Amino acid sequence: MAPRFTLSSRGAVLQLALHAFATVLLFNRYIGGLVLRIYRGARWDETVDEFAPTVTVVIPLYNEGAAITETLESVIASDYPADRLTIVCVDDCSVDDSYAFACAVAARDPRITVHRNARNLGKRSSINRVVREATSEIIVSIDSDVVVDPAAIRQLVRRFTSPQIAAVGGWVDVRNKHVNWLTRMQVVKYWYAYYVTRNIERGFRRVMSVSGCLAAYRRSVLVELAPILEARAILGVPITYGEDRFLTRQIIKAGYLTVITLDARCRTFVPTTLLAYFSQQLRWRRSNIVDYTCGCSHVWKLNPLLAINYFAMAIMLVAYPVGVLRALIGGRLVAAIAVHLVLLVVFGAYYAFRTRTWPAHDRVSLFSYLPQSFCMPVTNALLIPLALFTLDSGSWETRAS
């Protein structure tokens, strides 16, 4: 007679499956990547100095006001050869004085050109416009609310060591680190995103999400993929969220390589209120759902370790809300949060150890990550279902604080 599964046995199987997926994620993201980094050694972050292509920096602009001045001035201060660098700022019909501020900076430097779209097109379409008109070999995308280090562009270009490398991302750091507990929490979160959790992707030179805050692309590849990028929509509604992740995945799907380097740094403002933070996380969850769903059709062709990591992340999008719901129903939510707290103390201690020699203004306390234990149930258990029902959102990716 075949065994019969009771509700309790089914619950045990589900709980075992959740623990298994969590174990795979923890190993791949935190341990597997470290092992791979040691294995690759000197090949981990290869560079070449003979490659000095022409570069066009594109900065899509929407309602940044005076802040665009800082962004443009940081690019002007770049140590990349001035005669091989042009800068194009595209205002996407801002309703404030962003365009005037950009033009004021352009008047001081002939390398800067400021365009204004006839109508609101969105970030990706604004970038595509520049890509079509540019003649440079490399396109560097920079968000309009960041400042870049002087060496950032040069360090990005140095990573194009092979014709197969189509995208190189930089390290996105936090500008407003010490405003409150929320910004300090995000400092640690951003640090882990670049120093730890992407290591397994870096090792195989297939980073699945190169942030458009600071990224360099081969123009020829962007031209090749332009029809796919411009046709992106859900239920017939063009969408603008998660464009960086979508572009990266299309680059990898086309057979190219993607890398990131910590030697190219930009700094961005992070949300300072819970409302703004959860709004940002909702956009990111929409992007995650779309990306992991669509990626399942081709990611399995990559290295098995990459595929396992990708699919485990996709499954956790469903498993985490289910796990939180079960914990809430079973009266174990407080215990689950306690486990989170313990893990976050360990993560915070590792962060503090790795950054112990940094200037005080550039790092935060090891306890700064603890609020994540309360934010995660909201961002992963409540916002994922909400994101699922708002996938056709077409709003511009503006980050208010």
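Val-57 and Val-140 touch the most other members of the largest nonpolar core, which has 83 residues. Helix H6, residues 181-195, gives the most to this core, with nine residues. Please keep in mind that this is a predicted model; the average pLDDT is 87, and 91% of the residues score at least 70. The notes below start from the core and then visit the rings, the charged pairs and a few single residues.

**Nonpolar cores**

- Leaving out residues up to four places away in sequence, Val-140 touches Val-55, Thr-56, Val-57, Val-58, Ile-153, Leu-156, Leu-214, Ala-215 and Ala-216.
- A second core is separate from this one and has 20 residues, including Leu-302, Leu-317, Ala-387 and Leu-391.

**Aromatic rings**

- The structure contains 14 aromatic pairs.
- One aromatic cluster is made of Trp-171, Trp-191, Tyr-192, Tyr-195, Phe-347, Tyr-350, Tyr-351, Trp-358 and Tyr-369.
- Two arginines are worth a look beside tyrosine rings: Arg-116 has its charged end over the ring of Tyr-99, 4.7 Å from the centre, and Arg-198 lies over the face of Tyr-194, 4.5 Å from the ring centre.

**Salt bridges**

- There are 21 salt bridges in the structure, and three of them are described here, namely Asp-263 with Arg-159, Asp-291 with Arg-249 and Asp-362 with Arg-267.
- In the pair of Asp-263 and Arg-159, the closest N and O atoms are 2.8 Å apart. This pair links distant parts of the chain, 104 residues apart: Asp-263 belongs to strand S10 (residues 257-268), while Arg-159 is in the loop between helix H5 (152-157) and strand S6 (165-174).
- The two partners also have their own surroundings to consider: Asp-263 has a relative accessible area of 45% and is partly exposed, whereas Arg-159 counts as buried because its relative accessibility is 3%, and buried means under 20%.
- Asp-291 and Arg-249 form a salt bridge whose closest N and O atoms are 2.7 Å apart. Asp-291 is in helix H10 (residues 274-295) and Arg-249 in helix H9 (residues 243-253), so this salt bridge ties together parts that are 42 residues apart in sequence. Both Asp-291 and Arg-249 are buried.
- For Asp-362 and Arg-267, the closest N and O atoms of the salt bridge are 3.3 Å apart. Asp-362 sits in the loop between helix H12 (333-354) and helix H13 (372-388), and Arg-267 in strand S10, so the pair ties together parts that are 95 residues apart in sequence. Asp-362 and Arg-267 are both buried.
- Through shared partners, salt bridges join Asp-149, Asp-173, Lys-177, Arg-265, Arg-267 and Asp-362 into one network.

**Backbone points to check**

- Most residues other than glycine have a negative phi.
- Cys-93 is not a glycine, yet its phi is positive, at about 60 degrees. Cys-93 is in the loop between strand S2 (85-91) and helix H3 (98-106).
- Arg-205, also not a glycine, has a positive phi of about 55 degrees. Arg-205 is found in the loop between helix H7 (199-203) and strand S7 (214-218), and with a relative accessible area of 25% Arg-205 is partly exposed.

**Two further residues**

- Phe-311 is part of helix H11 (residues 304-329) and counts as partly exposed at 25% relative accessibility.
- Setting aside neighbours within four places in sequence, Phe-311 is in contact with Cys-296 and Trp-300. Phe-311 and Cys-296 are 15 residues apart along the chain, and their C-alpha atoms are separated by 7.3 Å.
- Arg-108 lies in the loop between H3 and strand S3 (112-116) and is exposed, with a relative accessible area of 52%.
- The C-alpha atoms of Arg-108 and Ala-254 are separated by 40 Å, and these residues are 146 residues apart along the chain.

**Where to read with care**

- Over residues 396-401 the pLDDT stays under 50, and for this stretch the model has 22 contacts beyond four places in sequence.
- Where pLDDT is low, the predicted coordinates should not be read in detail.

Conventions. Residues are numbered from 1 along each chain as its sequence is written. This is a predicted model: local features need pLDDT of at least 70, side-chain atom pairs count only at pLDDT 80 or more; totals for chains, interfaces and linings use all residues. Side-chain values use heavy atoms; hydrogens and water are left out. A salt bridge is a side-chain nitrogen of Lys or Arg within 4 Å of a carboxyl oxygen of Asp or Glu. Helices (H or I, at least four residues) and strands (E, at least two) are DSSP runs, numbered from the N terminus. Buried means under 20% relative accessible area, exposed over 50%, partly exposed in between (1.4 Å probe, protein chains only). pLDDT is the predictor's confidence in each residue, from 0 to 100. Contact means heavy atoms within 4.5 Å. Rings of Phe, Tyr and Trp (its six-membered ring) pair if their centres lie within 6.5 Å; planes under 30 degrees apart count as stacked, over 60 as edge-to-face and the rest as tilted. A charge sits over a ring if NZ of Lys or CZ of Arg is within 6 Å of the ring centre and within 35 degrees of the ring normal. A nonpolar core is a set of buried Ala, Val, Leu, Ile, Met, Phe, Trp, Tyr and Cys residues joined through side-chain atoms within 4.5 Å.
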